[in-house]
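Work through the exercises below with the sequence and the model open side by side. Try each task before reading its solution.

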Amino acid sequence: MDNGSVVTRLGNMKALLGIIAGAGASYGLYKLISGQRFKKNRKSTPSESPGAKSVQLSEVKLQPGSLLARVSGLDVICPRSGDGESAGIIHQSPNNLGPQHFKLLLSCLQNGDDQVQRCRVLRILGNAAAFTVNQNLIREMEGIHIIAHFLSDPAADVRVCTLNALNNLCMNVQNQEQIKLYAPQVLELIEMSPVNSDLQLSALRLLTNLSVTDEHQHLLKESVTLFLSLLVVSREALQVQTLKVLVNLSSNPDMVDDIVQAQAPASVLLLFDERTAPAVLLRLLTFVGNLKAWRPSAQVADELRRKQDSLFRVMLDESSQLHSKLVQLLSHPDGEIQAQVARILT
């Protein structure tokens, strides 16, 4: 990064930042896998909140080692001495930021007209949101809605930074009540982004946090097919993150009815193989083990059996090839995988 001077403007300040490129062609993953459009029941996304008022600062100079530099890992501006309201941001620890500091950051985010500036501020806010006190302050200042507005930013880098900031903010039950409103938009980003992209990975991390408890899992019940489709086309990192969401959902008995009815690509069975990465295979077995605990009535089983591509038919029915694949995995060198397989077969 250029360590030269940086002159920033909020209102009367100008921003001169290093360039970070980020873009990606978009296409519909689920459409590619199944030939159908993914069913979406989209809610309208809340409009950007007015949030904090813009803070006017005089021209400033770069000061390495300032608070925001420590929080974000990036060089930031340092206000001139005498600017009492702004100078306080420099000499405090990341877990002791006050409302005036977040007012400055949120104003910068709203008023900035540069992609790199938005990314930098979003990183600062996201890193600061690792502390509970800051999570609460950002929410109370309508910061969640201000940040979430940039889920629709045309720049892929900005969308990734937005998802990462929301992910940290999501580690707070009260914040989840606001973040859940954006679940349809996050799901759409997963569907329309390039496979294995940072956008997909960041979006799945956010959904993992949102689905840790039963409270908001119903928002993802129409997306099980999308997640299963991702498993068969993505690399290990994305497979692991996708399976974290699926394991969360399958841990809730109230979600299983929706999961077993979802369309599942037959090729998902190819993952039950010794050559599959252990981190993927272990979570996949945990997912199946959770579903095996579900006991449908004979009538329900017959109905599901008639759906050729349902998850029930592909993975759970007696006619599924999964059983023979599981038997082969009993000799897997990983003891934890062996234990999971034994759990399913007994």
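## Exercise 1: a covered helix

Helix α13 is mostly covered, with 12 of its 15 residues buried. Helices here are DSSP runs of H or I with at least four residues, numbered from the N terminus. Buried means under 20% relative accessible area, exposed means over 50%, and partly exposed lies in between (1.4 Å probe, protein chains only).

Ground rules: the model is predicted, so local features need pLDDT of at least 70 and side-chain atom pairs count only at pLDDT 80 or more, while totals for chains, interfaces and linings use all residues. Residues are numbered from 1 along each chain as its sequence is written, and side-chain values use heavy atoms, with hydrogens and water left out.

**Task.** Check the length of α13, list its buried residues and find what covers them.

**Solution.**
1. Start with length. Helix α13 runs over residues 236-250. The expected span is 1.5 Å times one less than the number of residues. For 15 residues that gives 21 Å; the end C-alpha atoms are 20 Å apart, which agrees.
2. List the buried residues. They are L238, Q239, V240, Q241, T242, L243, V245, L246, V247, N248, L249 and S250.
3. Look for the cover. It includes α11 (198-210), α12 (224-233), α14 (253-261) and α15 (278-292).

## Exercise 2: two helix pairs

**Task.** Describe how α13 packs on α15, then do the same for α18 and α19.

**Solution.**
1. Choose the descriptors. Two packed helices are described by the angle between their axes and the distance between the axes. Axes are lines fitted to C-alpha atoms, for helices over the stretch in contact, and angles run from 0 to 180 degrees between N-to-C directions.
2. Take the pair α13 and α15. Their axes come within 9 Å and cross at roughly 20°. That makes α13 roughly parallel to α15. The classes are: under 35 degrees roughly parallel, over 145 roughly antiparallel, 65 to 115 roughly perpendicular, and the rest oblique.
3. Name the residues in contact (heavy atoms within 4.5 Å). Helix α13 supplies E236, Q239, V240, L243, K244, L246, V247 and S250; α15 supplies A279, V280, R283, L284, T286, F287, N290 and L291.
4. Assign the hand. The crossing of α13 and α15 is left-handed. A crossing is left-handed if the near helix is turned anticlockwise from the far one by less than a right angle, and right-handed if clockwise.
5. Move to α18 and α19 (residues 335-345). Their axes come within 9 Å and cross at roughly 140°. That makes α18 oblique to α19.
6. Name this second contact. It is made by H323, L326, V327 and L329 of α18 with Q338, V341, I344 and L345 of α19. The crossing of α18 and α19 is left-handed.

## Exercise 3: a salt-bridge network

**Task.** Which residues are joined into one network by salt bridges that share partners?

**Solution.**
1. Recall the principle. Side chains of opposite charge can pair when their charged atoms come close. The criterion for a salt bridge is a side-chain nitrogen of Lys or Arg within 4 Å of a carboxyl oxygen of Asp or Glu. The structure holds six.
2. Begin in helix α16 (residues 298-305). D302 and R305 both lie there, three residues apart, about one turn of the helix. They form a salt bridge, with closest N and O atoms 2.7 Å apart.
3. Grade their exposure. D302 is partly exposed at 39%, and R305 is partly exposed at 29%.
4. Follow R305 onward. It also meets D317 in a salt bridge (2.8 Å, N to O). This pair links distant parts of the chain, 12 residues apart: D317 sits in the loop between α17 (311-316) and α18 (322-329). D317 is buried, at 7%.
5. Conclude. The network is D302, R305 and D317.

## Exercise 4: positive phi

**Task.** Where do E142 and N196 lie, and what are their phi values?

**Solution.**
1. Set the background. Most residues other than glycine have a negative phi.
2. Examine E142. Its phi is near 60°, a positive value. E142 lies in the loop between α6 (132-140) and α7. It is partly exposed, at 33%.
3. Examine N196. Its phi is positive too, about 70°. N196 lies in the loop between α10 (183-192) and α11.
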